[in-house]
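User: Can you walk me through this one? I'm new to reading structures.

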There are 2 protein chains.
Amino acid sequence: MDQPWTHRQRPERLERRIEFADYETTRVFLERLNDLSEQEKRYPDISFGRTYVNLTLRPQQEDGTIEAVDHSIAAAIDALLP
Amino acid sequence: MDQPWTHRQRPERLERRIEFADYETTRVFLERLNDLSEQEKRYPDISFGRTYVNLTLRPQQEDGTIEAVDHSIAAAIDALLP
């Protein structure tokens with residue numbers, strides 16, 4: 001159902017769009033993502049509606065490039081999916 | 001701290017950006033907004049990061065115009081602010 005992460009430039013970022021079956025599933029994912037964000041102190045930019053979530057993950061290193069630590073967070077987010 | 005709602009065209013929508021002092025305040029607002037969405041069955045498009053939330057409210061009447069019922073939801077959202 002989902003696209004993988006896309007590595008974009010200017011500014012450097014990872015992006016992913018995820019579609020959900022219903023609002024409840026969207027909510028459960030957002031709650032898990034919240035817990036992960038607080039635990040890891042990483043706050044992706046999140047856009048969502050009733051049945052979708054768009055994520056933008058900027059480099060941990062401000063003004064830096066996407067590195068292993070960022071791909072690691074992306075993978076941790078993927079692991080939250082139903 | 002906040003801009004009022006802006007009524008935009010093509011497509012018709014109300015938009016508002018809200019800034020928060022910290023992630024905890026942002027989270028509390030999003031939780032309240034979630035409760036309101038489920039209660040009213042209105043799901044604005046929401047973009048947020050650690051300390052901001054952008055809201056887009058489309059007409060309740062699909063392909064319709066912004067009407068009193070939409071302004072009423074906007075006001076209900078405003079009432080959720082700290």
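Analyst: Here is a short tour, starting with some ground rules. This is a predicted model: local features need pLDDT of at least 70, side-chain atom pairs count only at pLDDT 80 or more, and totals for chains, interfaces and linings use all residues. Residues are numbered from 1 along each chain as its sequence is written, and chains are lettered from A and ligands numbered from 1 in the order in which they are written.

User: How many residues does each chain put into the contact?

Analyst: Chain A gives 10 residues and chain B gives 10 residues. Two residues are in contact if their C-beta atoms, placed from the backbone, lie within 7 Å.

User: Which element gives the most on the chain A side?

Analyst: S3(A) does, with 5 residues. Helix H1 (23-40) and strand S3 (45-49) of chain A are the elements that give two or more residues to that side. Helices (H or I, at least four residues) and strands (E, at least two) are DSSP runs, numbered from the N terminus.

User: How do the two S3 strands run, and how many bridges join them?

Analyst: They run antiparallel, and 3 bridges join S3(A) to strand S3 (residues 45-49) of chain B. Two strands pair if DSSP finds at least two bridges between them. A:Ile46, for one, has B:Phe48 as its bridge partner.

User: What rotation superposes chain A on chain B?

Analyst: A rotation of 180° with 0.0 Å of shift along its axis, and the RMSD is 0.0 Å. So the two copies are related as by a two-fold rotation axis. The fit is by least squares on the C-alpha atoms of residues with pLDDT of at least 70 in both copies.

User: Which residue of chain A comes closest to that axis?

Analyst: A:Ser47, with its C-alpha at 2.0 Å. Both copies use the same surface: 100% of the contact residues of chain A recur in chain B.

User: New topic. What makes up the largest nonpolar core?

Analyst: It has 10 residues in all: A:Ile18, A:Phe20, A:Ile46, A:Phe48, A:Val53, B:Ile18, B:Phe20, B:Ile46, B:Phe48 and B:Val53. S3 of chain A and S3 of chain B each supply at least two residues of this core. A nonpolar core is a set of buried Ala, Val, Leu, Ile, Met, Phe, Trp, Tyr and Cys residues joined through C-beta atoms within 7 Å. A residue is buried if 20 or more other C-beta atoms lie within 10 Å of its own, exposed if 12 or fewer, and partly exposed in between, with C-beta atoms placed from the backbone.

User: What does A:Val53 touch?

Analyst: A:Ile18, A:Thr26, A:Phe29, A:Leu30, A:Ile46 and A:Phe48, leaving out residues up to four places away in sequence. There is also a second, separate core of 7 residues, including A:Trp5, A:Leu57, A:Ala74 and A:Ile77.

User: Which residues of helix H2 of chain A are buried?

Analyst: A:Asp70, A:Ala74 and A:Ile77, in a helix that covers residues 68-78. They line one face of H2(A), because seen down the helix axis they fall within an arc of 60°. The arc is that of the directions from the helix axis to the C-beta atoms. On the other side, A:Ala68 and A:Ala75 are exposed.

User: And what do the buried ones pack against?

Analyst: Strand S2 (13-19), H1 and strand S4 (52-57) of chain A.

User: Last one. Is B:Lys41 buried or exposed?

Analyst: B:Lys41 counts as exposed, because it has 9 C-beta neighbours inside 10 Å. B:Lys41 lies in the loop between helix H1 (23-40) and S3 of chain B.
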